[in-house]
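The following exercises are to be worked through with the sequence and the coordinates at hand. Each task is followed by a solution in steps.

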Amino acid sequence: MSSIILSRRGLLQLSGLAFVAGIAGCTTTPKLATTPSNAADETASALPLVNQLRAKNGLPPLSVDPHASAAAIFQAKRMASAGRMKHVMGMTDSFGARVKASGVALPAAENIASGQQSVDAVVTAWINSPHHLENMLGRYSGLGVAVAHNTSSKNLPYWAMVLSS
């Protein structure tokens, strides 16, 4: 009888491992080259709004960081391509590694959003969110902001802001 229980237990363990491996295989990062999304660099439009906020709080202004802009474009396209708003997509994804690959100086922060139809609307949404506001008021010097739309699914806008040191 104990050999039957061990066999069932072993089978259950193997089934559990196979299930976990199957789920892990489903959480890959989408490939951007073949996805129907487009992106726009909105840093120039967002920068005055963010700098106005920082000035009201006695903080120095940010400047355009081309590396942060590239990282924001990449993240906005990634979210639009996947059709979901997430900082991390997949088990092996890493915010730090992703922004460093774009040349962003660390420490860095990221704000994301979806659905807002304008730069004003998305910056206002981030200002009204305590954690996002904290990022915008952080000790950063560079900024990149982008929006991307997935043309195959309702054209919903996905926004990314990357703040860099």
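**Exercise 1: The nonpolar cores**

Task: In this predicted model, determine which residues of the largest nonpolar core touch the most other members.

Solution. Step 1: The largest nonpolar core holds 19 residues, and those touching the most other members are Leu 62, Trp 126, Leu 143, Trp 159, Met 161 and Leu 163. Step 2: Two or more residues of this core come from each of α2 (43–56), β3 (108–114), α5 (119–127), β4 and β5. Step 3: Another core, of 15 residues, lies apart from it and includes Ala 71, Ala 76, Ala 146 and Val 162.

Task: Identify what Leu 62 is in contact with, leaving aside its neighbours within four places in sequence.

Solution. Step 1: With heavy atoms within 4.5 Å as the criterion, the partners of Leu 62 include Leu 47, Val 50, Asn 51 and Arg 54. Step 2: Tyr 140, Ser 141, Gly 142, Leu 143 and Leu 163 are also in contact with Leu 62.

**Exercise 2: Strand pairing**

Task: Establish which strands β4 is joined to, and whether each pair runs parallel or antiparallel.

Solution. Step 1: Strand β2 (residues 63–64) and β4 run parallel and are joined by two bridges; here Ser 63 has Gly 142 as its bridge partner. Step 2: β4 and strand β5 (residues 157–164) run antiparallel, with eight bridges between them. Leu 143 is partnered by Leu 163 of β5.

Task: Find how many bridges join β3 to β5.

Solution. Step 1: There are seven bridges, and the two strands run antiparallel. Step 2: Leu 163 in β5 stands opposite Ala 109, while Trp 159 in β5 is the bridge partner of Ala 113.

**Exercise 3: Burial of the strands**

Task: Decide whether β5 has its faces covered or open.

Solution. Step 1: In a regular strand, side chains alternate between the two faces of the sheet. Step 2: On one side of β5, Pro 157, Trp 159, Met 161 and Leu 163 are buried, and on the other Tyr 158, Ala 160, Val 162 and Ser 164 are buried, so both faces are covered. Step 3: Because eight of the eight residues of β5 are buried, the rest of the structure largely encloses this strand. Step 4: Strand β4 (residues 142–150) is likewise largely enclosed, since eight of its nine residues are buried. In β3, six of seven residues are buried.

**Exercise 4: Two helices**

Task: Locate the buried residues of α5 and state what they pack against.

Solution. Step 1: Val 119, Val 122, Val 123 and Trp 126 are buried in α5. Step 2: These residues lie on the same side of α5, because their arc around the axis is only 95 degrees. Step 3: The elements that the buried residues of α5 pack against are α2, β3, α6 (130–136) and β5.

Task: Compare the span of helix α3 (residues 66–82) with the expected value, and examine its ends.

Solution. Step 1: The 17 residues of α3 reach 24 Å from the first C-alpha to the last, close to the 24 Å expected at 1.5 Å a residue. Step 2: At its start, the backbone nitrogen of His 67 has a side-chain oxygen of Asp 65 within 2.8 Å. Step 3: Just after α3, Gly 83 has a positive phi of about 70 degrees.

How values were computed
Residues are numbered from 1 along each chain as its sequence is written. This is a predicted model: local features need pLDDT of at least 70, side-chain atom pairs count only at pLDDT 80 or more; totals for chains, interfaces and linings use all residues. Side-chain values use heavy atoms; hydrogens and water are left out. Buried means under 20% relative accessible area, exposed over 50%, partly exposed in between (1.4 Å probe, protein chains only). Helices (H or I, at least four residues) and strands (E, at least two) are DSSP runs, numbered from the N terminus. Two strands pair if DSSP finds at least two bridges between them. A nonpolar core is a set of buried Ala, Val, Leu, Ile, Met, Phe, Trp, Tyr and Cys residues joined through side-chain atoms within 4.5 Å. The arc is that of the directions from the helix axis to the C-beta atoms. The expected span of a helix is 1.5 Å times one less than its number of residues. A polar contact is a pair of N or O atoms within 3.5 Å; within protein, one must be able to donate a hydrogen and the other to accept it, and residues adjacent in sequence count only if both atoms are side-chain atoms.
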